[in-house]
Structure formats: C-alpha cells, structure tokens
Amino acid sequence: MAISKKVEKFLAGASFIRKMFEEGERLRAIYGADKVFDFTIGNPNVEPPEKFREELKKLALNPVPGMHRYMSNAGYTETRSAVAEVLKEETGLPFGPEFVVMTTGAGGAINVVLKTLLDPEDEVIVLKPYFVEYRFYVDNHGGKTVEVSTTPEFRPDLEALSRAITPRTKAIIINSPNNPTGVVYSAGELEALGKLIKQKESEYNSDIYVISDEPYAKIVYDGIKVPSVFLYLDNSLVVTSHSKDLALPGERIGYIAASPGAKDIELLMEGLVFANRTLGFVNAPALMQRLVAGLQRESVDLEEYREKRDILYNHLTSLGFEMNKPDGAFYLFPKSPLPDDGEFVRKAQEHNILLVPGAGFGLPGYFRIAYCIDKQIIINSLPSFTRLAEELDM
Ligand code: PLP
C-alpha cells in the first residue's frame, strides 16, 4: 500500500463520515433534496451579514495596491489590531496586535498552536465528547490525546481532570460553546479549572496551556454570555474563526489570540508565527483579513438558529428523546434510544434522517443533530422523527 499505515488506519476509523456523505447523495438522488433530512454536517446554510458584502464590494471597486501579496506571517497589523481592540474591551487586559496571529480558520489555528507547544509524546487533554479532528491534529504534531470524561450534563469534571493531568500534560483543549453538546462553560467553571491547573503546575513544576477553541462564541441563545478564558486562565490561547459567526467556512479565516500574561509570551508568539509559516499556510488569506477587520462586532442572525433549535428540541423531547437544551452552537446531542448509537443511526437512515453517532465524538450512546440547515427541511423531517420514535416504541 502506497499510503502510510497510520493514515490508512485513520481513514478506516473515520469511514462513517464518508459513508454518511455517500448515503446522503444516494438518498437525494432517489427521493429529492427536500425529502432527505441531512443533519450530519456543521456547514452553516445562512448567508454572511450584509456588511460583509458591502465591504467586499468596496474592496473590489477600490483595490488597494499590493492587496494580493504576502504580508507578515502573523497577518496584517490593521486586522490584528481590530481583533485586539475587541479583546481589550471585553477583558480589560492590555491586548495589542502583538498577541494576535491571523490563521486559516480555527482548524489551522489549533494546528499552529499544537506545533508550537508540543514535543514528542507530550499529552493533550480533550473533554468527551469532542470535535473529532482534535485527535488527528494532536497526532500531526507528535502528541498523545488523552480523553477525559465530563459530567452527565457534559460539564467539566474536575476530579476526572485532576486524575488525568500528568507531568507530560502540555495542553488542555476546551470548546465552549461546545460541538456537539451546545454547552457553554460558566465563569465559575473556568475559574475552578484555572485553580486546578495552577495546583498541578506547581506540583509537577510544569507549564500547561489551555487552548480554548471558540468558533461558536457568538452563537449563543437566551441572553447567555460566554465568559472570556483570559480572565480565569493565565496560560491561555483562544483559537477561533469566522466560519460560524460570519458564515464564512469556505474562506478559511480565523485567528489565535494569546493571553498577554501567558508564560514566555514573546517566545510563544514567535513560535506561533513560525508555525503558521512552516506548516505551509504562510499567512491567512489576504482578502479575508482585510474584510474581517471591519466585521469584528458583526454576526449572523442568531434568531434563525434559535428558532431551528426550538423546533427540533420541542418536537424531539415531546417524542421522548432525552437531551440538554443547548445554550449555544447549532447542535443537539440527545441520548440514543438504542444502546448502540450506530444501530440507531442506521434505523434513522431508513426514514431518510441522517445523523452522526456519538462514537464519532468519543462518546457512544448519543447522537448529534446539526441544525444549521434549511428551516423547511427541519419542518419536513418532524413526521419522520415521529415515525422513527413509534418504530422504536418510545
Ligand atoms: N473547532 C470546532 C469545535 C468546530 O466545530 C470546527 C468546525 O466545525 C472547527 C474547530 C474548525 O473550524 P474552521 O472551519 O474554522 O477551521
């Protein structure tokens, strides 16, 4: 076999995603796109805010000389300053452009941070359930992923975390608002995590960095606010993107912001800029950097997402599905009514409902619904969910 054994193994492990994609295509060809209820992918179907188009038009009509050239590997100072200004306002901390690196999405940002931090065999803690790519990203940079359970409500379990932290723990990835659960961590939870990390750092004489993956930070409901990790965690880095809040996932634009008070901050920033270059990204897309500079306070229409969440949550709970009501992101993560989440997902497919099993997020026994799809498709899906629940005698 020409490809590496490791990649071959990863491909086999991730085959359900490919199969699900192929199944969606097959069902759409038979029944038509409006009769297939594909809840598998977190690809926002809303359009970017109007201001994005206005800025794009302005730039197209008045091109800036050199606007398609390479720039500093960290990104344009103007864009990094715009990001820093909002962070300064939110936290009161002395953020400036020197603490920000523009990246190719949040995925690129996480890889840049991991490359910068990890030595071979360093451990990176992830909290179950988690965004499946973390495992591959950690492996990219020679690290070891350590999975840690959360509470039954998917909140950080400090005792489990305390047991999992070792002298080799280099980073902890947290993700709030969470994919797939929609949970938003409170200020109290971040503070408690900060205390635990400090205690472990002094016990092991080590440095542990928190990588806070926040592409859904602006996608929250019912007046919920996402507390800033910078206020509670000293060695913290926010990795994020405008894939979800401005609905620009295909444009690959995001950033890393590091806490001005983080250990070895100057060296850390130099490392991040080096990793951005040598991972082959070189710099974040120039055009997008110029556009998002003026959009730091914008977001997509949250009402649309809230309405979709409520339609599905109300219908599914009325059928007997058990789940937390998510505070953010655009996913539901109900308990599988069958012990085997894979079998449940296959049963749902027979009703043209496509879902992702919890096993795909490191937590079997659940399933994920991505509701960032057309409202009409969601409405059309409700009778099929009812028939599925009847078939399972719920
Ligand atoms: N982190 C989480 C939790 C995500 O859900 C996603 C995308 O779905 C990403 C990171 C990657 O985001 P991006 O498309 O900006 O790379």
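Ala-164 belongs to helix H7, which spans residues 158-164. In this predicted model, Ala-164 counts as partly exposed because 18 C-beta neighbours lie inside 10 Å, while a buried residue would need 20 or more. Beyond the neighbours within four places in sequence, Ala-164 is in contact with Ile-125, Val-146 and Val-148. For one of these partners, Val-146, the C-alpha to C-alpha distance to Ala-164 is 7.6 Å, across a sequence separation of 18 residues.

Confidence in the model can be stated at two levels. Per residue, the protein has an average pLDDT of 96, and 99% of the residues score at least 70. For the model as a whole, the ipTM is 0.99 and the pTM is 0.97.

The ligand is surrounded by 13 residues, of which Gly-105, Ala-106, Gly-107, Ser-241 and Ser-243 are the closest. Helix H5, residues 105-117, supplies the largest share of this shell, with 3 residues. By class, the shell holds 4 nonpolar residues, 8 polar residues and 1 charged residue.

Helix H10 covers residues 286-293, and its buried residues are Met-288, Gln-289, Leu-291 and Val-292. Viewed down the axis of H10, these buried residues fall within an arc of 165 degrees, so they line one face of the helix. As a general rule, an α-helix has 3.6 residues a turn, so residues three or four places apart point the same way. The elements covering the buried residues of H10 include helix H3 (50-61), helix H4 (77-91) and strand S2 (100-103).

At the level of domains, the assignment gives domain 1, made up of 5-47 and 300-391, and domain 2, which runs over 66-293. Taken over C-alpha atoms, the centres of domain 1 and domain 2 are 27 Å apart. Their contact involves 26 residues from domain 1 and 27 residues from domain 2. On the side of domain 1 that touches domain 2, the largest share, 4 residues, comes from helix H11 (residues 302-319). That side of domain 1 comprises 14 nonpolar, 7 polar and 5 charged residues.

The table sets out the class composition of the two residue groups described above.

| Residue group | Nonpolar | Polar | Charged |
|---|---|---|---|
| Shell around the ligand | 4 residues | 8 residues | 1 residue |
| Side of domain 1 that touches domain 2 | 14 residues | 7 residues | 5 residues |

Key: Residues numbered from 1 in each chain as written. Predicted model: local features only at pLDDT ≥ 70, side-chain atom pairs only at ≥ 80, totals over all residues. Helix = DSSP H or I, 4+ residues; strand = E, 2+ residues; numbered from the N terminus. Buried ≥ 20, exposed ≤ 12 C-beta atoms within 10 Å, placed from the backbone. Contact = placed C-beta atoms within 7 Å. pLDDT = per-residue confidence, 0-100. Near = placed C-beta within 6 Å. Nonpolar A, V, L, I, M, F, W, Y, C, P; charged D, E, K, R; others polar. Arc of directions from axis to C-beta. Domains from an automatic or database assignment.
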